[in-house]
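Reader: I'd like to learn how to read a protein model feature by feature. Could you take me through one, starting wherever you like?

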Amino acid sequence: MVKFNKKIKIENIMEGKKNYNIILVNLDGMRRDKVDFCPSLDKLKKQSYFFPLMDTVSPYTFASLHAIFSGMYPSKNGVNGYYNIFKFKKNEIKTITQMLSEVGYFTTCDIIDDSVIPNQGFDDFNIFDEKTVNFTKRHSQMIKDLSKKDKFFLFLHYTETHKNLVRAIVQKYELESNDDNYFRSQKENDKRYNSYLSSSDEYISTLMNTIEESGIADKTILIIFSDHGTSIGEKKGEKFYGVFTYEHTINVFCFLCIPGIQGNVINKQCRTIDILPTIAELSGINSNELKDVQGESLLHLIKNENIQEREVFVETGGLYGPWPSPEKHNVFCLKKNNQKLIYNDVPQTWEFYNLEKDPMEKNNMYDENSPKIDKFKKTLIKYFKDNEIKTKLT
Ligand SMILES: [Zn+2]
């Protein structure tokens, strides 16, 4: 175990030490509320900065990951619909991988498919076969091999939970085409979801042991996050994710483990697009590179306790559900100060929730005459204009 030096402050940690390896791990579809049930992750809360109030800017895998790799909202980076996976503005956008490569990192990844993240800037691009892969073994070996490099960036995609869940639900429900049953079975769905947690937890603890055993623990930053949550049937119409922008799919989490820093829980709202500028700051990337990036470094939240709450915009368009829209996003939300405004462009409806009093989003408090809600609306419409999003309102 790396010893914590309590005298080291985050401001000083990177002074003259820009040579840390960076391992970025995506636990695909991991719900934030399940972190507490995973002993390794739970323990990690005391050994890292934990951001439980992180939201994804789009609740499905490849829109979420393209936003993370570009630090930009989906409509700005081009991947703003299930059918727009190949529309990433690759000639205009420099990804975090490219930035790291330019400052001397060896860049590599292991993912399910070469289209789920921007394939640019990688020295080595690995794709696993989901049917046969043993994530724990394969990713541990990758870390062992990489430990001989001067400094490396490794992105790991863990899809075991997602795979098992989709398989089980499709087997049980899709063939029957009796969706109501699924939404009436929340307890059973929750139990099923929980049954996959021990594998995820073992995966994380093995990776951490491997980092330790390979002798790179004192120079490796480990970032663990989830790209979106997963429904267990909370809202009718959404069996998995990507249909709506409710909390169980947009609220994710992030662990930032920096050697020698004990960290703590940062209870401030932040966004997945903040991961890129955080990595940039930790690796000494010139801030000029970030001029088009829409996220902000998470380190600023750590350093400044009085910092203003970060607003988050979320966009999606379902492949299925009540108003599918894989060509372009049609469901949007703005979340700030524990309140959320949702706009469904089809069928043009609004929702407003007080998340503190109503975390399950059951009581729609939308009121056209409320000045507070009007302010939220104006901010959301400004977001549409700034990001050239065409809706029935803009
Ligand atoms: Zn995913």
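Author: Happy to! Let's start with a cysteine: Cys-38 is buried, with a relative accessible area of 0%. Keep in mind that this is a predicted model.

Reader: How many disulfides are there by the distance rule?

Author: The general idea comes first: a disulfide is a covalent bond between the sulfur atoms of two cysteines. The test here asks for two cysteine sulfur atoms within 2.5 Å, and by this rule the count is zero. Cys-38 is in no disulfide, as the nearest cysteine sulfur, that of Cys-257, is 14 Å away. Cys-270 is in no disulfide either, with the sulfur of Cys-254 as its nearest at 7.3 Å. Cys-270 also counts as buried, at 0% relative accessibility.

Reader: On to the metal. Which protein atoms are the donors of the zinc ion?

Author: A general reference for geometry is this: ideal angles at a metal are 109.5 degrees for four tetrahedral donors, and 90 or 180 degrees for six octahedral ones. In this model the zinc ion has protein donors from Asp-28 (OD, listed twice), Thr-61 (OG1), Asp-227 (OD) and His-228 (NE2), at 2.0 to 2.7 Å. Water is not among the atoms, so the site may look incomplete. Along the chain, the donors follow the spacing D-x32-T-x165-D-H. Asp-28 sits in the loop between β1 (21-27) and α2 (39-44), while Thr-61 belongs to helix α3 (residues 61-70), so this pair ties together parts that are 33 residues apart in sequence.

Reader: Are Asp-28 and Thr-61 buried or exposed?

Author: Both Asp-28 and Thr-61 are buried. Helix α3 is mostly covered too, with 10 of its 10 residues buried; among them are Phe-62, Leu-65, Ile-68 and Phe-69.

Reader: What do the buried residues of α3 pack against?

Author: They pack against β1, α4 (74-77), α5 (96-102), β5 (152-158), β6 (220-225) and α12 (275-283). After α3 comes Gly-71, whose phi is positive, near 70°.

Reader: Since β1 and β6 came up, how do they pair?

Author: β1 and β6 pair in the parallel sense over six bridges. For one residue pair to look up, the bridge partner of Ile-23 in β6 is Leu-222. Both strands belong to an open sheet of eight strands with mixed pairing, in the order β4-β3-β5-β1-β6-β7-β2-β8. Its edge strands, β4 (124-127) and β8 (270-271), each pair on one side only.

Reader: And which way do the side chains of β9 point?

Author: The general idea: in a regular strand the side chains alternate between the two faces of the sheet. In β9, Val-312, Val-314 and Thr-316 point one way, and Phe-313 and Glu-315 the other way. Five of the five residues of β9 (residues 312-316) are buried, so this strand is largely enclosed by the rest of the structure. β9 pairs with β10 (residues 331-336) in the antiparallel sense over five bridges, and Val-312 stands opposite Lys-335 there.

Reader: Let's zoom out. What radius of gyration does the protein have?

Author: The protein has 20 Å, which agrees with the value near 21 Å for a compact globule of 394 residues. Its C-alpha atoms fill a box of roughly 55 × 45 × 40 Å along the principal axes. There are 14 helices and 12 strands, and buried residues make up 58% of the 394 residues. Of the contacts with a separation of 6 or more, 68% come from residues 24 or more positions apart.

Notes: Residues are numbered from 1 along each chain as its sequence is written. This is a predicted model: local features need pLDDT of at least 70, side-chain atom pairs count only at pLDDT 80 or more; totals for chains, interfaces and linings use all residues. Side-chain values use heavy atoms; hydrogens and water are left out. Donors are N, O and S atoms within 2.8 Å of the metal (3.2 Å for Na, K and Ca); water is not among the atoms, so sites may look incomplete. Helices (H or I, at least four residues) and strands (E, at least two) are DSSP runs, numbered from the N terminus. Buried means under 20% relative accessible area, exposed over 50%, partly exposed in between (1.4 Å probe, protein chains only). Contact means heavy atoms within 4.5 Å. Two strands pair if DSSP finds at least two bridges between them. The radius of gyration is taken over C-alpha atoms; the globule rule is 2.2 Å times the number of residues to the power 0.38.
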